[in-house]
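Visitor: Please give me a close look at one part, the surroundings of the ligands. I would also like to settle the matter of disulfides before you get there.

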Amino acid sequence: MALPNSSVYDCIVIGAGIQGSFTAYHLAKNQKRTLLLEQFPLPHSRGSSHGQTRIIRRAYSEQFYTSMMQECYQLWAELERESGIKLYRKTGLLVIAPPGNEEFESICRNMEQNKVSWERFTREQVMAKYPGLILNPEDVACCDDNGGILYADKALRAVQEQFQKMGGVIQDGQKVKHIQPGQVVTVTTTSDIYQAKNIVITAGPWAQKVLSPLGLELPLKTLRINVCYWKEKIPGRSGLLQNFPAFLGVNLNGEEHEVYGLPCQEYPGLIKICFHGGNEAEPEERDLQAKPPQIPDIQILCNFISKYLPGLHPKPAVIEQCMYTNTPDSNFILDYHPLHKNIVIGSGFSGHGFKLSPLVGKILSELSMGKEPSYDLTPFSISRFQTPQASL
Ligand SMILES: Cc1cc2nc3c(=O)[nH]c(=O)nc-3n(C[C@H](O)[C@H](O)[C@H](O)COP(=O)(O)OP(=O)(O)OC[C@H]3O[C@@H](n4cnc5c(N)ncnc54)[C@H](O)[C@@H]3O)c2cc1C
Ligand SMILES: O=C(O)[C@@H]1CCCCN1
């Protein structure tokens, strides 16, 4: 085992998913000597940030996300300019819900109050604009005009490359095994020892494993997500492939959960339509499917497809895996470790953190630099949970 590197970093970021990578990028922009550590050789598909696409939208029922997304669009555009890579495609984001749905109404209210460009659609307007999509007679719909998709894998690569261009260091294929808190924090990986004045932990589904030895238990649940792609019954016939938007179906078909979809992108001829949720799983055992599933996510999707998208085969053509790390209220955790001010935590992105990652990275970098954060972090605080903390 090597001795600690004699130069002490300003910050070590643990976990090179989209949140850790944007945190490292903002630290480097602020001239901080930053090391980004990743357990797997990059790129990898074992966490939450892989895949071709993610939804971007300001259509949220919580006002703070709608408001934060305004700056996120600017930060995504900045990364596009710096990298010269197109990362965002505007398709519109359609929200569909049963009548009187509270979440739907607060999304509309929020978009109106935050001056988002949006419109309500009648069922007939939706079906005329998006051939192949069949709504129930009583369903309601609205569109966030600038909603669309982010090219996730390209974004992750772009932000890591910009970080390195600014002098940042990435060490991948090194799992963090031990963190020794102190004025200078010592981080031991499977192959080296590093030191820094501050660390940021953005370990995705592994967050609890990294935090437990630091005396912190957070109410996080890791879920295994089936990412499903669907094929047309008769190629080219449904009309769905030509002009399909990103969409969010809220409590449709009498279901408690949401379903969502993205236009054809990763596999020619296939549309991505998924269930917003999954079954609990250990990140290391994601692909083993040891236990019978508690939530029949794929069956719910098949029922949804049969009714709303009858031009598609009601059986998925491709199923891939991804992970969510959920908090009880689905809001993120962006905070200091309660016992160590120089350890910052970004976690619990609950299946909707990608679009917000440029700002999450900025906020985590501000916390790590001891700056006043640019947003009110009350919804993201650790103190909202009854958190057992061991004093170390
Ligand atoms: C199927 C799916 C669909 C989604 N759809 C959307 C969407 O449409 N829009 C949206 O905004 N968001 C969406 N999300 C959510 C978004 O992708 C996540 O919130 C985001 O990717 C979380 O990033 P992360 O950096 O926290 O986690 P991760 O990407 O998992 O990164 C954590 C990293 O830490 C590393 N790590 C862990 N432990 C250690 C250790 N001990 N040592 C070193 N490295 C370590 C891991 O290997 C990993 O690379 C979706 C997520 C999934 C799974
Ligand atoms: O963050 C989003 O916009 C989507 C909503 C549906 C579930 C997956 N994530």
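Guide: A disulfide is counted here when two cysteine sulfur atoms lie within 2.5 Å of each other. In general terms, it is a covalent bond between the sulfur atoms of two cysteines. The model in front of you is predicted, and a search of the whole structure turns up 0 disulfides. Take Cys 72: its sulfur is 19 Å from the closest cysteine sulfur, in Cys 322, and that is too far for a bond. Cys 72 is also buried, because its relative accessible area is 0%. Cys 108 is in no disulfide either, with the nearest cysteine sulfur, in Cys 142, 3.9 Å away. Cys 108 counts as buried because its relative accessible area is 3%.

Cys 322 leads to the ligands. The shell around ligand 1 holds 36 residues, and those that come nearest are Glu 38, His 44, Ser 49, Ile 55 and Cys 322. Which elements each supply at least two residues of this shell? They are helix H1 (18–29) and the strands S3 (53–56), S13 (221–231) and S18 (318–326). S18 gives the most, with 3 residues. By class, the shell around ligand 1 has 18 nonpolar, 14 polar and 4 charged residues. Domain 1 (5–48 + 153–218 + 329–383) and domain 2 (93–145 + 221–326) each contribute at least three residues to it.

Some of the contacts to ligand 1 are made by the backbone. A backbone N or O atom of Ile 55 is 2.7 Å from an oxygen atom of ligand 1. A polar backbone atom of Gly 351 is 3.3 Å from a nitrogen atom of ligand 1. For His 352, a polar backbone atom is 3.3 Å from an oxygen atom of the ligand. Ligand 1 has 1,000 Å² of accessible area on its own, and the protein covers 97% of that area.

Now turn to ligand 2. Around it are Ile 55, Arg 57, Leu 248, Tyr 260, His 276, Tyr 324, Gly 351, His 352 and Lys 355. Sorted by class, this shell has 4 nonpolar, 3 polar and 2 charged residues. Where does ligand 2 lie with respect to the two domains? It lies between domain 1 and domain 2, because both give residues to its shell.

Side chains take part in the contacts of ligand 2. Arg 57 places a polar side-chain atom 2.6 Å from an oxygen atom of ligand 2. Lys 355 has a polar side-chain atom 2.5 Å from an oxygen atom of ligand 2. Gly 351 uses its backbone, with an N or O atom 2.9 Å from a nitrogen atom of ligand 2. The protein covers 94% of the 260 Å² of accessible area that ligand 2 has on its own. Gly 351 therefore comes up twice, with a polar contact to ligand 2 and another to ligand 1, each being a pair of N or O atoms within 3.5 Å.

The numbering next to Gly 351 is worth following. Ser 350 is in the loop between strand S20 (343–347) and helix H8 (357–368). Its phi is near 50 degrees, a positive value in a residue other than glycine. Most residues other than glycine have a negative phi, and most peptide bonds are trans. Ser 350 is buried, because its relative accessible area is 3%. Ser 330 has a positive phi as well, of about 65 degrees. Ser 330 sits in the loop between S18 and strand S19 (333–336). Is Ser 330 buried or partly exposed? With a relative accessible area of 33%, Ser 330 is partly exposed.

A further backbone detail concerns a peptide bond. The bond from Leu 42 to Pro 43 is cis, with omega near -5 degrees. Pro 43 belongs to the loop between S2 and S3; S3 is one of the strands that supply residues to the shell around ligand 1.

The loop after S13, another of those strands, can close the tour. Ser 238 lies in the loop between S13 and strand S14 (246–250). Its relative accessibility is 13%, so it counts as buried. The side chains of Ser 238 and Glu 232 are joined by a polar contact of 2.6 Å. A polar atom of the Ser 238 side chain is also 3.0 Å from the backbone nitrogen of Leu 240.

Terms used: Residues numbered from 1 in each chain as written. Chains lettered and ligands numbered in written order. Predicted model: local features only at pLDDT ≥ 70, side-chain atom pairs only at ≥ 80, totals over all residues. Heavy atoms only, no water. Near = heavy atom within 4 Å. Polar contact = N/O pair within 3.5 Å; in protein donor to acceptor, adjacent residues only side chain to side chain. Areas by Shrake-Rupley, 256 points an atom, 1.4 Å probe, with all protein chains shown as cover. Nonpolar A, V, L, I, M, F, W, Y, C, P; charged D, E, K, R; others polar. Domains from an automatic or database assignment. Buried < 20%, exposed > 50% of the residue type's maximum accessible area, 1.4 Å probe, protein only. Helix = DSSP H or I, 4+ residues; strand = E, 2+ residues; numbered from the N terminus.
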